[in-house]
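User: Hi! I'd like some help finding my way around a protein model. Could you walk me through it?

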Amino acid sequence: MPVETVDVPVARPYPVVVGPGLDLGRIVSETLEPNLCAIFTDSTVGPLYATRVQGALERAGWRVAGTIEVPPGEPSKSMEAYTDSLRRLASMGLTRDGTIFALGGGMVGDLGGFVAGTYMRGIDLVMLPTSLLAMVDSAVGGKVGVDLPEGKNLAGVFIRPRLVAADLDWVATLPEREISNGLAETIKMGLLAGGEFFEDLALIGAARTGDIDALQKLVLESVRFKASVVAEDELEGGLRAILNYGHTVGHALEAAADYNLPHGQAVAAGMIAAANLSRERFGNDLTGVHEDLIGTAGLPRRVPDVDIERALLAMGRDKKRSAADGVAGQRFVLLEDIGRPVRNMPASDEQVREAIGAIVE
Ligand SMILES: NC(=O)c1ccc[n+]([C@@H]2O[C@H](COP(=O)([O-])OP(=O)(O)OC[C@H]3O[C@@H](n4cnc5c(N)ncnc54)[C@H](O)[C@@H]3O)[C@@H](O)[C@H]2O)c1
Ligand SMILES: [Zn+2]
């Protein structure tokens, strides 16, 4: 498949370019005038790809002031790493007309994007997502930020990258587990979108083994779907919340497992719980479809070692609060059918307990 582009039609639209063997220098130059820039990455992705990216940029006329490399993994998405990165940019002499190239997975995009969105009140950002999760989800839509000790993603801003360029060849070095984690978000969007995208989830098995055509199709469909949602509701006043399908329970499972559970696995189990709640609410039966897709993606259908009470507590459904002041707890995105999400659905404590109980080993 040739390289393809999806435009994210927000107030200042930006292109998302997806394909194998991207000519990065040319793609970047079509959007931005060459200038001073910095590459932001982690110490797994940096050694693999930063030199090649720097070479391509330099051949296109860019001057690279330096590369900032943070340790890989969620702990780097911190205020400490954020402050440190801002100071490194300042000492490199990056100016207001400079650009940050965020080369990495979702952690790098969230942290590097927050740095770009706030350094000197905001400089240009190019997202170069290297994980499947970042390609299908986090690089598009402009939510960036860091975690606090009190919880995930508690500090951040909305930004607009100038360009997103996803080279599918980067997936070749991605551990299999990370491919599965990215596929969880693809499954989520296919279930929300329905229609042809849902039919194309049949490509998940091929995508999991690294088939470039299957990956490209699924990345493009995910990006198109997310772009259409973001175009309607960029700042998450309403519709964008459907992208939290499977995430209400998913986040609670992550918190209850002290974040030792991969996000993709938590979301996969969370979607099965949401399918169970959807059955209660609408009398449909989508659980089997969910379980088949999740299994094909190489994700477990049940999560181990999660304390149900802790998960309920993380959702504001601990016994004390609901008994004392009638707090209803979080609401859910449910599916009336494939392609027909409904937001803001309430569920009783008993239903939630049962839905979580069914996905915990
Ligand atoms: N902003 C958003 O809208 C949004 C949406 C979803 C998730 N997120 C955030 O994204 C983060 C998760 O993203 P992630 O799953 O990409 O995690 P990640 O960035 O930590 O990457 C996972 C691992 O894969 C490695 N890696 C990435 N690309 C690689 C490649 N091509 N080859 C070899 N190794 C590679 C990384 O070094 C890391 O060890 C979380 O912090 C989550 O909160 C943000
Ligand atoms: Zn997610």
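Analyst: Happy to, and we'll go through the metal site, the other ligand, the core and a few single residues. Keep in mind that this is a predicted model.

User: Great. Which residues are the protein donors of the zinc ion (ligand 2)?

Analyst: They are Glu185 through OE, His247 through NE2 and His263 through NE2. These donors lie 2.0 to 2.1 Å from the zinc ion. Along the sequence, their spacing reads E-x61-H-x15-H.

User: Where in the chain are glutamate 185 and histidine 247?

Analyst: They sit in distant parts of the chain that the pair links together. Glutamate 185 belongs to helix α6, residues 176–193, and histidine 247 belongs to helix α10, residues 247–256. That puts the two 62 residues apart.

User: Are glutamate 185 and histidine 247 buried or exposed?

Analyst: Both of them are buried.

User: OK, now ligand 1. Which residues around ligand 1 come nearest?

Analyst: There are 26 residues around ligand 1, and the nearest are Glu74, Thr130, Ser131, Lys143 and Thr173.

User: And which elements each supply at least two residues of the shell around ligand 1?

Analyst: Helices α2 (45–59), α4 (106–118) and α5 (132–138) do, and so does strand β8 (151–158).

User: What polar atoms sit across from the ligand 1 atoms?

Analyst: Here are three cases. In serine 131, a polar side-chain atom is 2.6 Å from an oxygen atom of ligand 1. The side chain of lysine 77 has an N or O atom 2.9 Å from an oxygen atom of ligand 1. Aspartate 110 pairs with a nitrogen atom instead: an N or O atom of the aspartate 110 side chain is 3.0 Å from that nitrogen of ligand 1.

User: How much of the accessible area of ligand 1 does the protein cover?

Analyst: On its own, ligand 1 has 860 Å² of accessible area, and the protein covers 88% of that.

User: Back to aspartate 110. Where is aspartate 110 found, and what does aspartate 110 touch?

Analyst: Aspartate 110 is in helix α4. Leaving out residues up to four places away in sequence, aspartate 110 touches Lys77, Ser138, Lys143, Val144, Gly145 and Asn153. Aspartate 110 counts as buried because its relative accessibility is 13%, and the cut-off for buried is under 20%.

User: Nice, that makes sense. Now the core: which residues touch the most other members of the largest nonpolar core?

Analyst: Ile100, Leu103, Leu111, Leu128, Tyr245, Leu253 and Ile356 do, in a core of 126 residues. Take leucine 103: among the residues that leucine 103 touches are Phe40, Val45, Val53, Leu128 and Trp170, with residues up to four places away in sequence not counted.

User: What about leucine 132?

Analyst: Leucine 132 has its place in helix α5. Its relative accessibility is 1%, so leucine 132 counts as buried. Beyond residues up to four places away in sequence, leucine 132 touches Leu174, Ile179, Gly182, Leu183, Leu215 and Val219. Leucine 132 and valine 219 are 87 residues apart in sequence, yet their C-alpha atoms are 8.0 Å apart in space.

User: Let's switch to helix α11. Any residues worth a look there?

Analyst: Let's try two. Asparagine 276 lies in helix α11, which covers residues 263–282. Asparagine 276 is buried, with a relative accessible area of 9%. The side chains of asparagine 276 and threonine 287 are joined by a polar contact of 3.1 Å.

Analyst: Serine 278 is also found in helix α11, and serine 278 is buried at a relative accessible area of 1%. A polar atom of the serine 278 side chain lies 2.7 Å from the backbone oxygen of alanine 274.

User: Last one: which residue has a positive phi of about 60 degrees although not a glycine?

Analyst: That's tyrosine 259. Tyrosine 259 is in the loop between α10 and α11, and tyrosine 259 is partly exposed, with a relative accessible area of 42%. Aspartate 305 is another residue other than glycine with a positive phi, near 55 degrees. Aspartate 305 has its place in the loop between α12 (287–296) and α13 (308–314).

User: Why point those out?

Analyst: Because most residues other than glycine have a negative phi.

User: And is aspartate 305 buried or exposed?

Analyst: Aspartate 305 is exposed, because its relative accessible area is 73% and the cut-off for exposed is over 50%.

Definitions and conventions: Residues are numbered from 1 along each chain as its sequence is written. Chains are lettered from A and ligands numbered from 1 in the order in which they are written. This is a predicted model: local features need pLDDT of at least 70, side-chain atom pairs count only at pLDDT 80 or more; totals for chains, interfaces and linings use all residues. Side-chain values use heavy atoms; hydrogens and water are left out. Donors are N, O and S atoms within 2.8 Å of the metal (3.2 Å for Na, K and Ca); water is not among the atoms, so sites may look incomplete. Helices (H or I, at least four residues) and strands (E, at least two) are DSSP runs, numbered from the N terminus. Buried means under 20% relative accessible area, exposed over 50%, partly exposed in between (1.4 Å probe, protein chains only). A nonpolar core is a set of buried Ala, Val, Leu, Ile, Met, Phe, Trp, Tyr and Cys residues joined through side-chain atoms within 4.5 Å. Contact means heavy atoms within 4.5 Å. A residue is near a molecule or strand if one of its heavy atoms lies within 4 Å of it. A polar contact is a pair of N or O atoms within 3.5 Å; within protein, one must be able to donate a hydrogen and the other to accept it, and residues adjacent in sequence count only if both atoms are side-chain atoms. Accessible areas come from the Shrake-Rupley method with a 1.4 Å probe; for residues, only the protein chains shown count as cover.
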